[in-house]
Amino acid sequence: MVGAVRFYVDAWDPAYGASFEAAGGGGPAAPSSAQVDADVELPATDWRAIGARPDVVAPDVVLLVDGVRRIDASVWTAEDDGGSYPGIAASYAAGVVRCDLDRGAAELAGSKVGRGLFTASPSAQDVVAGSIRYPVHRVGGTGELSKLPAAVQAPLTALEVAVSDAVRTDGDLLVVDGPLRSRRNLPRTLGYIKTQHSQYLDARLTTVVTGLAPGQRCPVFRLGTAWGGYSWYLRLPVAGGAPWAGIVRMECSAELTETEAIELADLSLVTLPRFASSPYKDPRAPQNLIPIAGLERRLRGLLGDARLLHRVLIGAARAGRR
């Protein structure tokens with residue numbers, strides 16, 4: 001009789017996808033094409049789990065920044081030559097939570113809301129209806145409708161940088177929810193990737209990652225992707241035994257020295273686990289950090305009522321055709 005295959009249930013609510021999403025449909029072993037230098041902190045042959053170092057102390061202040069976006073309406077332009085271009089009217093917001101670890105207090109330190117009409121139309125103009133304005137953001141290429149949502153990322157990232165820059169102080173640690181992308185020049189900044197879409201390490205090194213205990217990390221490695229940078233995995237406090245349960249990937253700038261990157265990795269290990277969420281409170285526990293979850297709810301409220309904005313856009317379109 002063939003033995004039964006072991007399986008695990010992902011702790012995340014299925015409505016939010018999975019905590020590990022393999023690239024290309026090839027399962028968890030599907031490799032990324034990125035070049036990896038695994039010898040940054042330890043030789044690849046000596047890779048092992050690394051625990052919190054007793055001489056590393058969490059910073060007094062941790063800033064967590066995140067952004068949200070929403071498509072308020074899909075639109076089509078009517079060009080003078082009879083052609084038409086698709087577009088989206090989008091609202092987006094960014095905010096930063098200031099966590100004072102000495103006082104055990106967290107507060108919204110800053111937030112900004114932006115809106116935009118994203119289209120490749122050469123004749124499109126800002127949409128204005130009362131106090132609501134959707135400035136035109138012209139995209140390159142043919143502007144296919146399916147590709148327009150990705151165009152919102154650049155202005156949203158700029159908004160995240162603006163709100164975080166306004167509240168930074170010496171000695172703080174900034175944690176960005178998601179890859180660093182164009183924010184790699186920010187000092188003392190970590191990218192926090194809670195959903196694993198690709199597997200960058202070979203099978204032997206991946207075994208070290210999936211064997212991590214809560215509160216442990218793997219050695220720092222370097223990615224040769226378009227954005228580059230140092231990276232490492234750590235496991236947050238989690239009760240489940242699934243191989244990737246509670247594992248997040250961290251990033252820091254490629255402009256740092258190897259020593260500075262390792263110091264940030266050690267700092268992340270004594271800082272982030274304290275923010276891990278609980279399954280009974282959050283459907284994406286433990287990866288969806290408690291301050292981030294609260295920030296997302298606040299930012300979505302700042303976007304305004306979606307139905308009201310949709311009616312405003314319909315009214316502006318009708319007025320423009322008169």
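Contact here means heavy atoms within 4.5 Å, while helices (H or I, at least four residues) and strands (E, at least two) are DSSP runs, numbered from the N terminus. With that in hand, what covers the buried residues of helix α1 includes β3, β4, β5, β8 (136–138) and β9. This is a predicted model, where local features need pLDDT of at least 70, side-chain atom pairs count only at pLDDT 80 or more, and totals for chains, interfaces and linings use all residues. Residues are numbered from 1 along each chain as its sequence is written, and side-chain values use heavy atoms, with hydrogens and water left out.

**Helices**

- Helix α1 takes up residues 153–165, and its 13 residues reach 18 Å from the first C-alpha to the last, close to the 18 Å expected at 1.5 Å a residue. The expected span is 1.5 Å times one less than the number of residues in the helix.
- Buried means under 20% relative accessible area, exposed over 50%, and partly exposed in between (1.4 Å probe, protein chains only). In α1, the buried residues include Leu156, Leu159 and Val163, along with Glu160.
- Helix α3 (residues 258–271) has 14 residues and reaches 20 Å end to end, first C-alpha to last, close to the 20 Å expected.
- α3 is mostly covered, with ten of its 14 residues buried. Among them are Ile262, Leu264, Leu267 and Leu269, and Asp266 is on the list too.

**Strand β3 and its partners**

- Strands count as paired if DSSP finds at least two bridges between them. β3 (residues 61–76) and β4 (residues 86–100) run antiparallel and are joined by 15 bridges.
- Along that pairing, Gly67 stands opposite Ala94 in β4.
- β3 also runs parallel to β9 (residues 173–177), with four bridges between them. Here Val65 has Val176 as its bridge partner in β9.
- Trp76 belongs to β3 as well. It counts as exposed because its relative accessibility is 58%.
- Outside its neighbours within four places in sequence, Trp76 is in contact with Ser84, Tyr85 and Pro86. The C-alpha atoms of Trp76 and Pro86 are separated by 4.5 Å, though the two are ten residues apart along the chain.

**Aromatic pairs**

- There are three aromatic pairs in the structure. The rule: rings of Phe, Tyr and Trp (its six-membered ring) pair if their centres lie within 6.5 Å, with planes under 30 degrees apart counted as stacked, over 60 as edge-to-face and the rest as tilted.
- Trp47 and Phe221 make a tilted pair, because their ring centres are 6.1 Å apart and their planes sit at 45 degrees. Trp47 is in the loop between β1 (36–37) and β2 (50–51) and Phe221 is in strand β12 (residues 221–223), so this pair ties together parts that are 174 residues apart in sequence. Trp47 and Phe221 are buried.
- Tyr233 and Trp244 have ring centres 5.7 Å apart and planes at 75 degrees, so that pair is edge-to-face. Both Tyr233 and Trp244 are buried.
- Trp47, Phe221, Tyr233 and Trp244 form one aromatic cluster.

**Around Ser121**

- Ser121 sits in the loop between β5 (105–119) and β6 (127–129). Its relative accessibility is 0%, so Ser121 counts as buried.
- Leaving out residues up to four places away in sequence, Ser121 touches Thr77, Glu79, Tyr85 and Arg138.
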